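Biologist: I keep running into labels like "core", "buried" and "exposed". Can we go through what earns them here?

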Amino acid sequence: MKRLVAFCSGSLFGIGLFLSGMTDTSKVQGWLDLFGNWDPTLAFVMGGAMIPMFIAWRFTEGRKPIYAENFPSSPKSNIDRDLILGSILFGVGWGLAGLCPGPAIASLSFGGTQSALFVLAMLVGMRLTPSIKFRILNASAT
Amino acid sequence: METDWIMGLVGGLVIGLAASLYLLGNGRIMGASGIIGGLVDKSGWTSAADRIVFLFGLILAPSIYIFFFDVEANTKATTNVMILILAGLFVGIGTRLANGCTSGHGVCGISRLSVRGIISTIFYIVAGVVSVVLLRNLWGVI
């Protein structure tokens, strides 16, 4: 059942991303282009997605997930260097191509070599991150 | 177009439903970078099957939708190979360092009022705006 839930959730996510226009890089870059020809769509997508999730989080209180033992533990509140550095790096990449991980994967079937190349580079980046994290840790220790 | 924000809102609600289903059903945060990253760096191999079927749905669903409703699908992404590779690397490393992306920190984090999610989202949006404004409007690179 967990797998069916994961499949349905992934499918809905993909449909939602496509319908909302978030697999269209010109809409994402248009939203980030604050001082140019600004496109407000992304704000509606983010807002729309938060409505069911806001209710869902309220629903988790005092309950257990249907097919798992517990809900994700309370969010850590520590703001560390990795969070800030990572978010900035992600933002720069997001602006450069207009793609973030969800839409990049969702567009693999129709995004041609551009989506494939972006996803491949993203996977390489993800694979390298644990060793980059280790190096940052070492550099700050010495 | 005037209909863009309506589609954005509708698509956003579907994305929110997908995230709610994943949370209430499987007790997990629907974060694209976390689901992929856990497979790539082996940190999430104990739940590999769930992750794979999620990604399978994410790729398959938009392609079926496009086929059945015969709609136009185009990412309009840049054809500049260097920019695609650089953007993919930045997004891959950044999201794994920050431990989240637009779906994890943005949709799931903010709706939970997580401080890390809110701070991360502010930083990646500002970084995205700065990179688009500089690279597009000032230097004309993208």
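Modeller: Sure. A nonpolar core is a set of buried Ala, Val, Leu, Ile, Met, Phe, Trp, Tyr and Cys residues joined through C-beta atoms within 7 Å. Keep in mind that this is a predicted model.

Biologist: Which residues touch the most other members of the largest nonpolar core?

Modeller: That core has 82 residues, and the ones touching the most other members are A:Ile105, A:Phe118, B:Ile15, B:Ala18, B:Ala19, B:Ala87 and B:Phe90. Helix α1 (residues 4-26) of chain B gives the most to this core, twelve residues.

Biologist: What does A:Phe118 touch, leaving out residues up to four places away in sequence?

Modeller: From its own chain, A:Ala97, A:Leu99 and A:Ala104; from the other, B:Leu84, B:Ala87 and B:Gly88.

Biologist: How many residues does each chain bring to the contact?

Modeller: Chain A brings 103 and chain B 98. On the side of chain A that touches chain B, α1, α2 (25-32), α3 (41-60), α4 (81-97), α5 and α6 of chain A each supply at least two residues. That side splits into 63 nonpolar, 32 polar and eight charged residues.

Biologist: How do you know that the length of helix α1 (residues 2-20) of chain A agrees with what a helix should span?

Modeller: Its 19 residues, at 1.5 Å each, should span 27 Å; the end C-alpha atoms are 27 Å apart, so the two agree.

Biologist: And what makes α1(A) mostly covered?

Modeller: Of its 19 residues, 15 are buried, and buried takes 20 or more other C-beta atoms within 10 Å. Just after α1(A) comes A:Gly21, with a positive phi of about 90°.

Biologist: Why is B:Asp70 called exposed?

Modeller: The cut-off for exposed is 12 or fewer neighbours; B:Asp70 has 6 C-beta neighbours inside 10 Å, so it counts as exposed. B:Asp70 sits in the loop between α3 (48-69) and α4 (81-98) of chain B, and its phi is positive, near 50°, though it isn't a glycine.

Biologist: Why does B:Lys76 count as partly exposed?

Modeller: Partly exposed lies between the 12 and 20 cut-offs, and B:Lys76 has 14 C-beta neighbours inside 10 Å, so that's its class. B:Lys76 is also in the loop between α3 and α4 of chain B, with a positive phi of about 50° despite not being a glycine.

Biologist: What about the confidence in chain A?

Modeller: Its average pLDDT is 94, with 99% of the residues scoring at least 70. Among its elements, helix α6 (residues 112-141) has the lowest mean, 91, and helix α5 (residues 101-106) the highest, 98.

Terms used:
Residues are numbered from 1 along each chain as its sequence is written. Chains are lettered from A and ligands numbered from 1 in the order in which they are written. This is a predicted model: local features need pLDDT of at least 70, side-chain atom pairs count only at pLDDT 80 or more; totals for chains, interfaces and linings use all residues. pLDDT is the predictor's confidence in each residue, from 0 to 100. Helices (H or I, at least four residues) and strands (E, at least two) are DSSP runs, numbered from the N terminus. The expected span of a helix is 1.5 Å times one less than its number of residues. Two residues are in contact if their C-beta atoms, placed from the backbone, lie within 7 Å. Ala, Val, Leu, Ile, Met, Phe, Trp, Tyr, Cys and Pro count as nonpolar, Asp, Glu, Lys and Arg as charged, and the others, Gly among them, as polar.
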